[in-house]
Amino acid sequence: MGGGVFKKRLNGNMHRSIILARGGSYWVYEYLFAKKDRDNIDDAELEAFRVLAKGYVGLTEQQVAQLLRDNLLMEICHDDKTKIQK
């Protein structure tokens, strides 16, 4: 979708997830929706997600760790626990 925004199909193509990438370091699952409820996000939403993705690029490891501690982000899967820890 461009600008650090990706769409992933889930659950046998029944759901979609909008994922934001932070410079290849990690992925942020930002928005989940059922395909039966809507086909896609609109142009304004896509632009807002691109702006948000740029914001994630500027975060340091320490800032991300703080967001995790404050429960503003939740880590759902991370095999290498040496980089970001609560």
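## Questions on a core, a helix and a patch

Me: Let's start with M74 in this predicted model. Where is the place of M74?
Reply: Happy to begin there, bearing in mind that the model is predicted. Helix α2 covers 61–69, and M74 has its place in the segment after α2.

Me: Is M74 buried or exposed?
Reply: The cut-off for exposed is over 50% relative accessible area. M74 has a relative accessible area of 70%, so M74 is exposed.

Me: Which residues make the nonpolar surface patch of about 390 Å²?
Reply: M74 is a good place to look, since M74 is exposed. M74 contributes to this nonpolar patch on the surface, and its partners there bring the list to Y29, M74 and I76.

Me: Is S17 buried or exposed?
Reply: S17 sits in strand β2, residues 15–22, and its contacts beyond four places in sequence include F6, L10 and Y29. Buried means under 20% relative accessible area. S17 has 2% relative accessibility, so S17 is buried.

Me: Why are V64, A65 and L68 on the same side of α2?
Reply: Nice one to reason through. V64, A65 and L68 are the buried residues in α2. An α-helix has 3.6 residues a turn, so residues three or four places apart point the same way. V64, A65 and L68 are on the same side of α2 because they cover an arc of only 100 degrees around the axis.

Me: Which strand is included in what covers the buried residues of α2?
Reply: The buried residues here are V64, A65 and L68. Their cover includes a strand spanning 26–34, namely β3.

Me: Which element gives the most to the largest nonpolar core?
Reply: This core has 15 residues, and I18, L20 and Y56 have the most contacts inside it. Two or more residues come from each of β2, β3, α1 (43–57) and α2. With four residues, the element that gives the most is α1.

Me: How many Å separate the C-alpha atoms of I41 and I18?
Reply: I41 lies in the loop between β3 and α1, and I41 is buried, with a relative accessible area of 9%. Beyond four places in sequence, I41 touches M1, I18, Y31, F33, L46 and F49, while the contacts of I18 include M1, Y31, F33, I41 and F49. I41 and I18 are 23 residues apart along the chain, and the separation of their C-alpha atoms is 8.9 Å.

How values were computed. Residues numbered from 1 in each chain as written. Predicted model: local features only at pLDDT ≥ 70, side-chain atom pairs only at ≥ 80, totals over all residues. Heavy atoms only, no water. Patch = residues over 30% accessible without salt bridge, like charges linked within 9 Å, V, L, I, M, F, W, Y side chains within 5 Å. Areas by Shrake-Rupley, 256 points an atom, 1.4 Å probe, with all protein chains shown as cover. Salt bridge = Lys/Arg side-chain N within 4 Å of Asp/Glu carboxyl O. Buried < 20%, exposed > 50% of the residue type's maximum accessible area, 1.4 Å probe, protein only. Contact = heavy atoms within 4.5 Å. Arc of directions from axis to C-beta. Core = buried A, V, L, I, M, F, W, Y, C linked by side-chain atoms within 4.5 Å.
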